[in-house]
Amino acid sequence: MISIALLFAAFAIAASENCSLDLHMGVRISGNDVAKVESPSPADCCTSCSAHAGCKAFCWVNKSGEAPFCWLKTKASPPIHDGNCVTGMHGDFPPPPPPS
């Protein structure tokens with residue numbers, strides 16, 4: 001059986017060849033959603049983001065038992081560790097908010 005890490009690595013290699021965004025494996029970003037689209041891979045998610053006006057980042061989600069999908073984002077938020085996700089964006093993650 002193929003491990004999730006190996007599967008993500010294969011998707012990352014394919015996506016990095018065609019995607020102008022930096023990919024971050026095992027990272028989820030929340031909020032700032034523009035659209036949710038079906039997406040079989042991070043590469044497909046990146047293509048959807050590139051074609052959608054206002055999309056600056058994406059979060060591809062591949063949970064066991066669900067069809068993979070992609071959240072298109074207006075901007076990235078602070079990263080959250082999530083082994084079911086791949087995030088694509090330009091530059092660095094924003095800092096977390098200060099404690100209240």
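Which residue in strand 5 stands opposite V27? I opened the predicted model with this point and found that V27 faces H81.

**Entry 1. Strand pairing**

I next looked up the partners of strand 5, which spans residues 80–89. Strand 1 runs antiparallel to strand 5, and I recorded 6 bridges between the two. Strand 3, residues 57–61, also pairs with strand 5 in the antiparallel sense, here over 5 bridges. Within that second pairing I noted C59, whose bridge partner in strand 5 is T87.

**Entry 2. Disulfides**

How many disulfides does the model contain? I obtained a count of 2. I kept in mind that a disulfide is a covalent bond between the sulfur atoms of two cysteines.

I took the link of C45 and C70 to begin with; the S to S distance is 1.7 Å. This disulfide joins distant parts of the chain, with C45 in helix 2 (residues 42–51) and C70 in strand 4 (residues 69–73), 25 residues apart. The angle about its S-S bond is 60°, and I entered the link of C45 and C70 as right-handed. I checked burial at both ends: C45 has 0% relative accessibility and counts as buried, and C70 likewise counts as buried at 0%.

I then turned to C49 and C55, whose sulfur atoms lie 2.1 Å apart in a disulfide. Is this disulfide left-handed or right-handed? The torsion about the S-S bond of C49 and C55 is about -105°, so I entered the disulfide as left-handed. Both C49 and C55 are buried.

**Entry 3. Cysteines without a disulfide**

Why is the sulfur of C59 not bonded to that of C85? The cysteine sulfur closest to that of C59 is in C85, but the distance is 4.0 Å, which is too far for a bond. The cut-off I applied is 2.5 Å between sulfur atoms. C85 is accordingly in no disulfide, the sulfur of C59 being its nearest cysteine sulfur at 4.0 Å. I found C59 buried, at 1% relative accessibility. C85 is also buried, with a relative accessible area of 1%.

**Entry 4. Salt bridges**

I counted 2 salt bridges. Side chains of opposite charge can pair when their charged atoms come close.

One of them is between R28 and D82, with the closest N and O atoms 3.2 Å apart. R28 belongs to strand 1 and D82 to strand 5, and 54 residues separate them in the chain. I recorded R28 as partly exposed, because its relative accessible area is 28%, and D82 as buried, because its value is 16%.

Which side chain meets K73 in a salt bridge? I identified D33, at 2.6 Å from N to O. K73 lies in strand 4 and D33 in strand 2, so the pair ties together parts that are 40 residues apart in sequence. K73 counts as buried at 2% relative accessibility, while D33 counts as partly exposed at 42%.

**Entry 5. Backbone at N32**

Where is N32 placed? I located N32 in the loop between strand 1 (22–28) and strand 2 (33–38). Most residues other than glycine have a negative phi. I noted that the phi of N32 is positive, near 60°. At 29% relative accessibility, N32 counts as partly exposed.

Methods. Residues numbered from 1 in each chain as written. Predicted model: local features only at pLDDT ≥ 70, side-chain atom pairs only at ≥ 80, totals over all residues. Heavy atoms only, no water. Helix = DSSP H or I, 4+ residues; strand = E, 2+ residues; numbered from the N terminus. Buried < 20%, exposed > 50% of the residue type's maximum accessible area, 1.4 Å probe, protein only. Pairing = 2+ DSSP bridges. Salt bridge = Lys/Arg side-chain N within 4 Å of Asp/Glu carboxyl O.
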